[in-house]
2 protein chains.
Amino acid sequence: MYSSGVPPGLKDVAARAGVSIKTVSNVVNGYVHVAPDTRARVQAAIDALGYVPNVAARQLRSKRSGVIALAVPELQSPYFAEVAGLIVQAAERRSWTVLIDQTDGHAERERNLVAGLRRHAIDGLIFSPLALTGEELARGGETPMVLLGERVWHGPADHVAIDNTAAAADATRHLCALGRRNVAAIGAQDFASATTAHQRLAGYRAALDEAGLPFDPRLVARVDRFHRADGAAAMAALLDRPRRPDAVFCFNDLLALGAIRTLLERGVRVPEEVAVIGFDDIEDGRFSTPTLSTVAPDTARIAHLAVDLLAERLGGDAVAATPAREVRVQHRLVARESTAR
Amino acid sequence: MYSSGVPPGLKDVAARAGVSIKTVSNVVNGYVHVAPDTRARVQAAIDALGYVPNVAARQLRSKRSGVIALAVPELQSPYFAEVAGLIVQAAERRSWTVLIDQTDGHAERERNLVAGLRRHAIDGLIFSPLALTGEELARGGETPMVLLGERVWHGPADHVAIDNTAAAADATRHLCALGRRNVAAIGAQDFASATTAHQRLAGYRAALDEAGLPFDPRLVARVDRFHRADGAAAMAALLDRPRRPDAVFCFNDLLALGAIRTLLERGVRVPEEVAVIGFDDIEDGRFSTPTLSTVAPDTARIAHLAVDLLAERLGGDAVAATPAREVRVQHRLVARESTAR
DNA sequence: GCGGGGATTGCCAACGTTGTATAGTTCGGG
DNA sequence: CCCGAACTATACAACGTTGGCAATCCCCGC
């Protein structure tokens, strides 16, 4: 620990150890050819003074900041919070710091973020876009980027996601297998960039087809956002329509929890009268009543892969030119009480 | 937008505008004495080249990074996720960037964080400590710090919190007012640094006293962490003890949701047989079945105050020397189905 | 005994920005 | 019409670090 007001620099360490500044720098950076006793002497000085490298200077010189950004629509959503936590942990192992940004799903915030990347001297970006289209993302410049989530896009960025359509089909198939014939869906969205919703809807339709059930628009509820309140409202709307569902596939767990709330509030028994399945496997669903069946993406793996892919882009100069990679992550169906027989 | 691979610097802008580097710097920083037409010319050059100031260099020179850190035990917890989101928003208005750190409540991680502050050249820290004691925090050096949460501590840092004991007493009082006589508590912790738990327990005892009910250790369940699983396990333990509670005050909403899950699983009706109240007012509780009564801290205000206090410390040189301030934030009781009559 | 090569260390310049000092320029008042 | 004050713009040095290169030294093989 230093006692004066000014943090010590390489200069101070060098003076104390009786070597040149550069040698200290070499020791700090683990350069190989430093004589053992010199290294020891320098290390001692470092410890004594409590020297800590100045990130700003280092970054100015080497153009690497050791900071990556993670941009998610909202931290309040348990799914994103979980992903964020896992990514922070994964980044830590590479001794990176993660700067977390919230876009709130606003196109403008997402645009600003991508545009303003250079401002904060960020080495790379892990981005879970909601509103932005591929072309806009492409303007991000040369900062390495890994896309998260279900958006299909072919640009200069890697992409980690589960097979959304297949996962949605699995969920719907699970409901059909219970013998339900009026399988509703909550979570459709009609704006163009809502790829997640589109894909899950496609999976839903595919599974219906497969089961020989006709697609009925009256059984599909659209939502603005993927929150509990939207799920609750959508469920209420479905119940008020002529054809009453006996099962509901919700495009995420929050929607499902909201839907269940509405059902129970109206005295509809879950799963006896209406079976419900969600998507994401957030912790809430494991302790709700009834516990929530869901599709569980391999979140941990998603986080790891995202960080690994970014690391590759950052590390190798050779890899940097590699074309964008598309990585699929496994998912699995978790059956709980909300779809029990 | 620039087209070459290298971001333009003041130098390039200066060359294009036919002025000196410093003049461009003056324009960028809004220095007053720049002739209007010079300013216009420089601005044009800036726009044309898409110049963006280099943060590293700026920071190296001025020792301000525009980044504050927020350290919370875990993002996965809805309460902290919400606080984090709000703080990010508040910081945005001051055009600060927030670096989010997770400590997982490990003393060592918290220590490293405080110690490693200088590494990342962070202007200030908003910290919600779980494990660290006051003395350890004091070693943080001179980085301005605002403490969040209920920890009592008198050191060189400002502190924003609700009156935890009073809030806990309110919650317990609410249960007593329902006529319940066997009011249990879930969330006690016995390690010394668990101030939150200690304070809430104190409030619980105070309210019992007030209602003329004796304190019974058999009605108090301790937990390791404040998660749903802990609440579920604690409730199970309480139900297995001889004296059966007819009401439970859980030290946070997650514990409460876990407890309710156990109750319903065992066929105990909530709130008829056992009333449950939580703490934090997370969104889950508004859509659970039954909906969860809780104590709602004014989270938005906490976030704002934290950022404001930090801003004051950072801004004024005069204020920087001001002794630590202690700020209390309001809370209010939200009665929902889980404590309905 | 000598040249070559690797090990080890030091010097210099540069990264992009801003504070300080200073020079030139204009303007109003005496 | 001159002088000081205010305005405008510039040059230079520093912030702390690292890359490139040069310098030195030691050891080995011939």
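**Reading the chains and the DNA strands**

Trainee: How far apart are the end C-alpha atoms of helix H10 (residues 228-240) of chain A?
Mentor: Helices here are DSSP runs (H or I, at least four residues; strands are E, at least two), numbered from the N terminus. The expected span is 1.5 Å times one less than the number of residues. For the 13 residues of H10(A) this gives 18 Å, which agrees with the model, because the end C-alpha atoms are separated by 19 Å.

Trainee: From which letter are the chains lettered?
Mentor: This is a predicted model, in which local features need pLDDT of at least 70, side-chain atom pairs count only at pLDDT 80 or more, and totals for chains, interfaces and linings use all residues. Residues are numbered from 1 along each chain as its sequence is written, and in the order in which they are written ligands are numbered from 1 and chains are lettered from A.

Trainee: Which helix of chain B joins elements of chain A in packing against the buried residues of H10(A)?
Mentor: A residue is buried if 20 or more other C-beta atoms, placed from the backbone, lie within 10 Å of its own, exposed if 12 or fewer, and partly exposed in between. In H10(A) the buried residues are A:Arg228, A:Asp230, A:Gly231, A:Ala232, A:Ala234, A:Met235 and A:Leu238. They pack against strands E6 (183-188), E7 (220-222) and E8 (247-250) and helix H11 (253-265) of chain A, and from chain B against H12.

Trainee: Which helix of chain A helps to cover the buried residues of H10(B)?
Mentor: In H10(B), the buried residues include B:Arg228, B:Met235 and B:Leu238. Their cover includes E6, E7, E8 and H11 of chain B, together with a helix of chain A, namely H12 (284-287).

Trainee: What kind of axis relates chain B to chain A?
Mentor: Chain B is superposed on chain A, by least squares on C-alpha atoms of residues with pLDDT of at least 70 in both, through a rotation of 180° with 0.1 Å of shift along its axis, at an RMSD of 0.3 Å. That is the relation of a two-fold axis.

Trainee: Which helix supplies the largest share of the side of chain B that touches chain A?
Mentor: Contact means C-beta atoms, placed from the backbone, within 7 Å, and 35 residues of chain B are in contact with 35 residues of chain A. The copies meet through the same surface, because 100% of the interface residues of chain B are also interface residues in chain A. The side of chain B holds 18 nonpolar, nine polar and eight charged residues, and its largest share, six residues, comes from H5(B).

Trainee: Which helix gives the largest share of the surface near DNA strand D?
Mentor: Near means a C-beta atom, placed from the backbone, within 6 Å, and 24 residues surround DNA strand D, with A:Gly9, A:Leu10, A:Ala57, B:Ser20 and B:Thr38 the closest. Helices H2 (21-28) and H4 (55-62) of chain A, with H2 and H4 of chain B, each give two or more residues. The largest share, five residues, comes from H4(A).

Trainee: And which helix gives the largest share near DNA strand C?
Mentor: DNA strand C is surrounded by 25 residues, the closest being A:Ser20, A:Lys22, A:Thr38, B:Gly9 and B:Asn54. Five residues, the largest share of that surface, come from H4(B).

Trainee: Is B:Thr322 buried or exposed?
Mentor: B:Thr322 is found in the loop between helix H14 (317-320) and strand E11 (326-329) of chain B. Since 11 other C-beta atoms lie within 10 Å, B:Thr322 counts as exposed.

Key:
Two residues are in contact if their C-beta atoms, placed from the backbone, lie within 7 Å. Ala, Val, Leu, Ile, Met, Phe, Trp, Tyr, Cys and Pro count as nonpolar, Asp, Glu, Lys and Arg as charged, and the others, Gly among them, as polar.
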